[in-house]
Amino acid sequence: MKLLVTGGAGYVGSVCAARLVESGHEVVVLDDLSTGHADAVPDGVRLIAENIDDVIGSVLAEGFDGVLHFAAKSLVGESQQDPAKYWQGNVVTSLRLLDAMREHGTPRLVFSSTAATYGEPDQVPIVETAPTRPTNTYGATKLAIDHAITGYATSHGLAAVSLRYFNVAGAYGRFGERHATETHLIPIVLQVASGKREKVAIYGDDYPTEDGTGVRDYIHVVDLADAHLKALAHATGGEHRIYNLGIGVGFSVRQVIDACREVTGHPIPAEVSPRRSGDPAVLVASAERARTELGWKAERVDLTGIVRDAWEFTQARSRQEV
Ligand code: UFG
C-alpha cells in the first residue's frame with residue numbers, strides 16, 4: 001500500500017514507518033518537526049516537513065491507500081496549562097485530515113489514541129467498553145477525535161481503527177524516544193543511569209498497590225508498531241474499531257527502577273516525592289479484543305528486555321552527542 005504517516009519523525013511514528021517499509025509498503029512521512037527529528041525518518045522514505053494544516057489537501061491529492069495518524073501534541077501537563085494548543089493541534093488538525101481524506105477518497109485510517117481517554121478506571125484490566133472520562137485535556141482531545149472518526153466511518157465509509165496505547169517503551173535500533181521535554185518514567189530513569197540527571201523522583205508511594213507506587217502496562221514499541229500493521233490489514237469500510245494496546249500486565253514504578261538498575265548496573269538513586277496530579281494508581285489494558293479480532297499479541301513482554309532496548313538506544317545517542 002502507499003501510506004501517509006503523519007508524525008513519522010517522532011518516537012512511535014518513526015518505528016512504525018520503519019516496520020511498514022520493511023513489510024514492503026511505500027511510505028511518505030508528513031511531520032512539521034516541532035517535536036520530531038528529520039534523522040529519525042527511515043532511509044528511503046520521503047519526508048514532507050510541513051504542517052498538516054497547510055499541505056494535507058495537496059499531499060493526499062497524490063493518491064494514498066491509507067493514513068497512519070501519529071502527529072499530535074502529547075504532553076499531559078502541557079495540555080492542562082495550554083488547552084488551546086491541544087484542541088487546535090490535535091482536534092482541529094485531525095478534522096482537517098479527515099475532511100481531506102474524504103475529499104480525495106483516501107480509504108483507510110489508523111489513529112493513535114490513548115489510554116488517557118478512559119481516565120481513572122473503575123476496573124482493571126481496562127476493556128474498550130469501559131467508560132471514557134478523561135481527566136486531562138490531552139485525553140479529552142484524543143477522545144473527541146475518536147468520536148469524529150466514528151462519524152466519518154459510519155457516514156462516509158471510512159475504514160478506521162483507533163489504537164489506544166498504554167505506556168509505550170523500548171526502542172527499535174536507531175529509532176527510539178528522544179523528547180526535548182521528557183516526562184516518561186523509563187527514559188527519565190535511564191537519564192540518571194547515563195549521568196544526565198542526579199536521581200529519579202518517585203511520584204507517590206502511598207497508592208493502593210503492592211509497593212505503594214503507580215502501576216502501568218509497558219508495551220514494547222515494536223509490538224505496538226506491529227499492531228498498526230494488523231490494524232491496517234483489518235480496517236473495514238464503514239467501521240471504526242477501537243483496540244487497547246498493552247500487554248495486560250502492570251509493573252510498579254519501583255519495579256521499573258529495579259529493572260533499570262539490573263540492565264544498566266547503575267545504582268540509580270530514587271527519592272519519593274509527592275504524587276503527580278491526575279496520575280491514576282493502576283492502568284493496565286485488557287488486550288483481549290486486539291488478540292481475538294486482530295490476531296495480535298505482544299511478544300516482548302519481559303520488562304528487562306524492554307528496558308535493555310531503550311538503554312542500548314540511550315547509549316548509542318549519548319555516543320553520538322559526544
Ligand atoms: N513516574 C514517576 N517519576 C517520574 C515519571 C513518572 O514516578 O519521573 C511515574 C508516574 O507517576 C506513573 C508512572 O511513573 O505512575 C508512569 O508515568 P509516565 O509519565 O511514564 O506515563 P503515564 O502513565 O503518566 O502516561 C502514559 C502515557 C500518556 C498517557 C497516559 C494515560 O505516556 O501519554 O499514559 O494515562 F496519557
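Q: In which hand does helix H2 pass H4 in their crossing?
A: H2 passes H4 in a right-handed crossing. The model is predicted, and the values below are computed from it.

Q: At what angle do H2 and H4 pack, and how far apart are their axes?
A: Helix H2 covers residues 52-60 and helix H4 covers residues 83-104. Their packing angle is about 15 degrees, and the axes are 9 Å apart. Angles under 35 degrees count as roughly parallel, so H2 is roughly parallel to H4.

Q: Which residues in H2 and H4 meet?
A: From H2 come Ile52, Asp53, Ile56, Gly57 and Leu60. On the H4 side they meet Thr93, Arg96, Leu97, Ala100, Met101 and His104. The residues of this contact between H2 and H4 are six nonpolar, three polar and two charged.

Q: How do the axes of H1 and H7 cross?
A: Helix H1 takes in residues 11-22, and helix H7 takes in residues 221-234. Their axes come within 9 Å and cross at roughly 60 degrees. That angle makes H1 oblique to H7. As for handedness, H1 passes H7 in a right-handed crossing.

Q: Which residues of H1 and H7 meet?
A: H1 contributes Tyr11, Val12, Val15, Cys16, Arg19 and Leu20. Their partners in H7 are Val221, Val222, Leu224, Ala225, Asp226, His228, Leu229 and Leu232. By class, the contact of H1 with H7 has 11 nonpolar residues, one polar and two charged.

Q: At what angle do the axes of H8 and H10 cross?
A: Here helix H8 (residues 253-264) and helix H10 (residues 303-321) cross at roughly 60 degrees, with axes that come within 9 Å. This crossing angle makes H8 oblique to H10. H8 passes H10 in a right-handed crossing.

Q: Which residues of H8 and H10 meet?
A: Gln255, Val256, Ala259, Cys260, Glu262, Val263 and Thr264 belong to H8. They meet Leu303, Thr304, Val307, Arg308 and Trp311 of H10. The contact of H8 with H10 divides into seven nonpolar, three polar and two charged residues.

Q: How many residues surround the ligand, and which are the closest?
A: The ligand is surrounded by 19 residues. The closest are His184, Leu185, Ala201, Arg216 and Asp279.

Q: How far is a polar side-chain atom of Arg216 from an oxygen atom of the ligand?
A: The two atoms lie 2.7 Å apart. The cut-off for a polar contact is 3.5 Å between N or O atoms. Asn167 also reaches an oxygen atom of the ligand: an N or O atom in the Asn167 side chain is 2.9 Å from it. With Tyr203 the partner is a polar backbone atom, 2.9 Å from an oxygen atom of the ligand.

Q: Which residues does a cis peptide bond join?
A: Val124 and Pro125 are joined in this way. The angle to read is omega, which is about -5 degrees at this bond. Pro125 sits in the loop between strand S5 (108-114) and helix H5 (137-156).

Q: What is phi of Leu33, and is the value positive or negative?
A: Phi of Leu33 is near 60 degrees, which is positive, and the residue is other than glycine. Leu33 is placed in the loop between strand S2 (26-30) and strand S3 (46-48).

Methods
Residues numbered from 1 in each chain as written. Predicted model: local features only at pLDDT ≥ 70, side-chain atom pairs only at ≥ 80, totals over all residues. Heavy atoms only, no water. Axes fitted to C-alpha atoms, helices over the stretch in contact; angles between N-to-C directions. Helix = DSSP H or I, 4+ residues; strand = E, 2+ residues; numbered from the N terminus. Parallel < 35°, antiparallel > 145°, perpendicular 65-115°, else oblique. Left-handed = near helix turned anticlockwise from the far one by under 90°. Contact = heavy atoms within 4.5 Å. Nonpolar A, V, L, I, M, F, W, Y, C, P; charged D, E, K, R; others polar. Near = heavy atom within 4 Å. Polar contact = N/O pair within 3.5 Å; in protein donor to acceptor, adjacent residues only side chain to side chain.
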